[in-house]
Amino acid sequence: MAEGSQLIRGLEGVVAAETKLCDLDGAHGRLAYAGYSIDDLARKATFEEVCFLLWYGDLPKKAQLAELTAAMGAARAIPAEVTRAFALMPKDTDPNRPLQAAVAMLGMFDPDTTDNSHAANVRKAIRLTSQMATAICAHHRVRSGQSPVAPASDLSHAGNFLYMLTGTRPSPVVTKAFDASLTLYAEHELNASTFTTRTIVSTQSDMHSAVAGGVGALKGPLHGGAGEAVMRTLMEIGEVANVDAFATQALATRRRLMGFGHRVYTAGDPRAAILKGMAEEACRQSGQFKWYEMAVKLHDRIHAAKKLIPNVDFYSAPLFYSMGIPVDVFTPVIAAARIAGWSANIIEQHDDNRLIRPRADYVGSKARPWRPVEER
Ligand SMILES: CC(C)(COP(=O)(O)OP(=O)(O)OC[C@H]1O[C@@H](n2cnc3c(N)ncnc32)[C@H](O)[C@@H]1OP(=O)(O)O)[C@@H](O)C(=O)NCCC(=O)NCCS
């Protein structure tokens with residue numbers, strides 16, 4: 001390693017990029033996209049407006065929003081080959097893998113595949129955001145033995161996603177909660193998957209290749225896979241009355257509890273606070289209030305004992321579950337949101353690129369004498 005440089009495990013606190021996308025103040029629990037607070041965006045903006053903000057740098061005027069909405073709507077179809085490929089995949093495979101494969105395939109069909117110019121990247125961002133939603137839903141339908149649902153041109157990105165997943169048009173309340181969830185997950189600075197996408201395109205590789213890598217990074221339980229793990233924990237607990245005993249045992253065995261803790265936020269994750277309110281409402285409306293109650297009780301116990309904060313994935317779990325999203329589709333849903341931020345980061349990286357190539361500190365054996373295989 002270069003003289004004087006220092007190993008920083010997990011790159012904690014290392015600043016590796018300049019960005020105009022995400023302003024994350026972990027000490028004060030504040031988050032803003034391009035200067036707009038996450039609270040305003042989640043409550044007042046649509047996911048399409050947030051996409052525009054991330055790709056073009058400011059909120060759209062009415063005509064600009066109409067234009068982007070039309071472009072995203074027109075880009076929803078996926079090649080028939082992708083759907084046919086889903087039918088060839090094992091039915092019980094983790095849906096992140098088909099999504100990763102679908103992104104790679106979409107890259108093979110995209111007219112701008114290897115064009116890394118700003119204009120081509122924005123076109124690809126629009127297409128990929130729409131097509132990933134369709135691919136996730138089509139895969140779920142195919143593995144369930146059902147036909148994919150054709151996109152509904154009169155529905156928003158969020159509404160159309162739930163429609164394509166379930167075959168039923170969602171209510172305005174559910175659509176709004178899902179839309180806000182997409183906004184909350186859309187971008188989050190240099191998290192592991194976004195850093196992965198930036199690293200990939202820093203070699204002058206292209207958006208689809210980077211996003212396939214991003215999906216791979218996202219699925220890990222320390223990152224986007226945590227939401228699914230939270231729901232599995234709540235199911236393991238089973239009933240509100242079991243939370244205390246579960247928490248006592250988890251604390252005694254120093255179990256790592258998914259949905260708690262964060263590398264950057266110390267004062268609380270502002271996304272979790274918004275999702276908590278939405279989960280309460282959605283769980284009550286769907287008649288599954290116990291998941292919310294269990295989550296709140298677990299939150300209180302773990303926070304009181306260890307000061308660990310719930311992160312974005314904690315309350316999104318009961319929220320998504322109460323919307324009827326299958327547990328193993330939670331992470332693909334997060335990918336369907338994070339594509340907005342991944343693609344925006346890829347655009348930033350391509351527009352001002354330098355190869356990302358850190359160093360490692362060699363700690364293995366040195367200067368070993370060579371011996372032929374017969375003598376080892
Ligand atoms: C997010 C996360 C990976 C951040 O990790 P990190 O910054 O590397 O922090 P560390 O893993 O070093 O943890 C620091 C301390 O907090 C504890 N801790 C952190 N998260 C914890 C959790 N979810 N459950 C139990 N203990 C936890 C660790 O045991 C460690 O304690 P110690 O110093 O006494 O050993 C971590 O909090 C975690 O694993 N959370 C669960 C997964 C999750 O929800 N991920 C989604 C993030 S949005």
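Q: Where does T113 lie, in a loop or in a helix?
A: T113 lies in the loop between α5 (96–109) and α6. This is a predicted model.

Q: What makes the link from the side chain of T113 to the backbone oxygen of G107 a polar contact?
A: The side chain of T113 reaches that oxygen at 2.6 Å. The cut-off for a pair of N or O atoms is 3.5 Å. The value of 2.6 Å is within 3.5 Å, so the pair counts as a polar contact.

Q: Which other backbone oxygen lies 2.6 Å from a polar atom of the side chain of T113?
A: The backbone oxygen of D110 does. Again 2.6 Å is within 3.5 Å, so this is a polar contact.

Q: Why is R127 called buried?
A: The relative accessible area of R127 is 18%. Buried means under 20%. The value falls under the cut-off, so R127 is buried. Its place is in helix α6 (residues 118–143).

Q: Why is A34 called partly exposed?
A: A34 has 25% relative accessibility. Partly exposed covers the range between the 20% and 50% cut-offs. The value of 25% falls in between, so A34 is partly exposed. A34 is found in the loop between β2 (30–33) and β3 (36–37).

Q: Why is K307 called exposed?
A: The relative accessible area of K307 is 59%. Exposed means over 50%. The value passes the cut-off, so K307 is exposed. K307 lies in the loop between α14 (289–306) and α15 (312–322).

Q: What makes the phi of K307 worth a look?
A: Most residues other than glycine have a negative phi. Phi of K307 is near 60°, a positive value in a residue other than glycine. Phi of A34 is also positive, near 45°.

Q: How do you know that L222 makes a polar contact with the ligand?
A: A backbone N or O atom of L222 lies 2.9 Å from a nitrogen atom of the ligand. That is within 3.5 Å, so the pair counts.

Q: What makes R254 and F260 polar partners of the ligand?
A: A polar side-chain atom of R254 lies 3.4 Å from an oxygen atom of the ligand. A polar backbone atom of F260 is 2.8 Å from a nitrogen atom of the ligand. Both distances are within 3.5 Å, so both pairs are polar contacts. The protein covers 66% of the 850 Å² of accessible area that the ligand has on its own.

Q: Which residues come nearest to the ligand?
A: Of the 18 residues around the ligand, R256, L257, G259, F260 and R263 come nearest. By class, this shell has seven nonpolar, five polar and six charged residues.

Definitions and conventions
Residues are numbered from 1 along each chain as its sequence is written. This is a predicted model: local features need pLDDT of at least 70, side-chain atom pairs count only at pLDDT 80 or more; totals for chains, interfaces and linings use all residues. Side-chain values use heavy atoms; hydrogens and water are left out. A residue is near a molecule or strand if one of its heavy atoms lies within 4 Å of it. A polar contact is a pair of N or O atoms within 3.5 Å; within protein, one must be able to donate a hydrogen and the other to accept it, and residues adjacent in sequence count only if both atoms are side-chain atoms. Accessible areas come from the Shrake-Rupley method with a 1.4 Å probe; for residues, only the protein chains shown count as cover. Ala, Val, Leu, Ile, Met, Phe, Trp, Tyr, Cys and Pro count as nonpolar, Asp, Glu, Lys and Arg as charged, and the others, Gly among them, as polar. Helices (H or I, at least four residues) and strands (E, at least two) are DSSP runs, numbered from the N terminus. Buried means under 20% relative accessible area, exposed over 50%, partly exposed in between (1.4 Å probe, protein chains only).
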